[in-house]
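Colleague: Please take a close look at a single part of this model, and explain it in terms that a first-year student can follow.

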Amino acid sequence: MSPPPLQSSYLSPPMITFLLADNQDITRAGLRAYIADTFGETGCCTLEVANKKVLIEALTTHRDSTVVILDYALFDLASVEELLNLGRRFPEVAWLLCSNELSDALIRRLSAEHHVGMILKDCTADEIRAALRHTVQGDRFLCHRIADFLLTVHRQPDTHEALTATETEILRLIARGLSVKEIASERISSTHTIITHKKNIFRKLGVNNVYEATKYALRAGLVEMVEYYI
């Protein structure tokens, strides 16, 4: 009687599922190309999700060996807590934020979340491929600019700390697109007072116009992207 055939101890690696949660066509196309180039056409499955509802449905179906590549600023998530709630609901899923609109405050907040990697859209091709490989392997990846920021941020006091509470609130209103007259009306103040506050804010921040002040407020986390677009 012949012995039973030997069973191979080799197991095929699981199919990797990438969920692209980004509303920019060109970004999704680019990510598809990087994924195919890194893992091959048959080594993964890449799906696009248009909104939070579709993302949750996809995560419910694809839990294991799944990577979500998300542009937080362009997707319909109301807050960072909503993102973190999804991470807690699907703990086996790896998350890679890919955006050029990550505020300093958001980066600092997510730095404590070891399942969330972060890269910028203008990273080099090598860095994007490295991020994909590390994320698939279960390792958190931070691009060099975000890593450098986190290494030095504790030594750099926030400029906006020099602003008074009133000036900080007025800066938020400026970043939301309100005019001097609208801010004066909301704060029950005179336009002259608001103009004086505005000049002091610009001087303290070293900015010259509303655009620069708004950009600073976004980067400092004083206003969320969703508030800015509203």
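Modeller: Glutamate 127 is buried, that is, under 20% relative accessible area with a 1.4 Å probe and protein chains only, yet this residue has no salt bridge. A salt bridge requires a side-chain nitrogen of Lys or Arg within 4 Å of a carboxyl oxygen of Asp or Glu. The nearest side chain of opposite charge belongs to arginine 145, which is 6.2 Å away; in this count Lys and Arg are positive, Asp and Glu are negative, and His and the chain ends are left out. The model is predicted, so local features need pLDDT of at least 70 and side-chain atom pairs pLDDT 80 or more, whereas totals for chains, interfaces and linings use all residues. Residues are numbered from 1 along each chain as its sequence is written, and side-chain values use heavy atoms, without hydrogens and water.

Glutamate 127 is part of helix H5, residues 125–136. Helices (H or I, at least four residues) and strands (E, at least two) are DSSP runs, numbered from the N terminus. Leaving aside residues up to four places away in sequence, glutamate 127 touches Phe141, Cys143 and His144, where contact means heavy atoms within 4.5 Å.

Strand E5, residues 116–119, is covered on both faces. Val116 and Met118 are buried on one side, and Gly117 and Ile119 on the other. In a regular strand, side chains alternate between the two faces of the sheet. E5 pairs with strand E4, residues 94–98, in the parallel sense over four bridges; pairing requires that DSSP finds at least two bridges between the strands. Within this pairing, leucine 97 stands opposite methionine 118.

How values were computed:
Buried means under 20% relative accessible area, exposed over 50%, partly exposed in between (1.4 Å probe, protein chains only).
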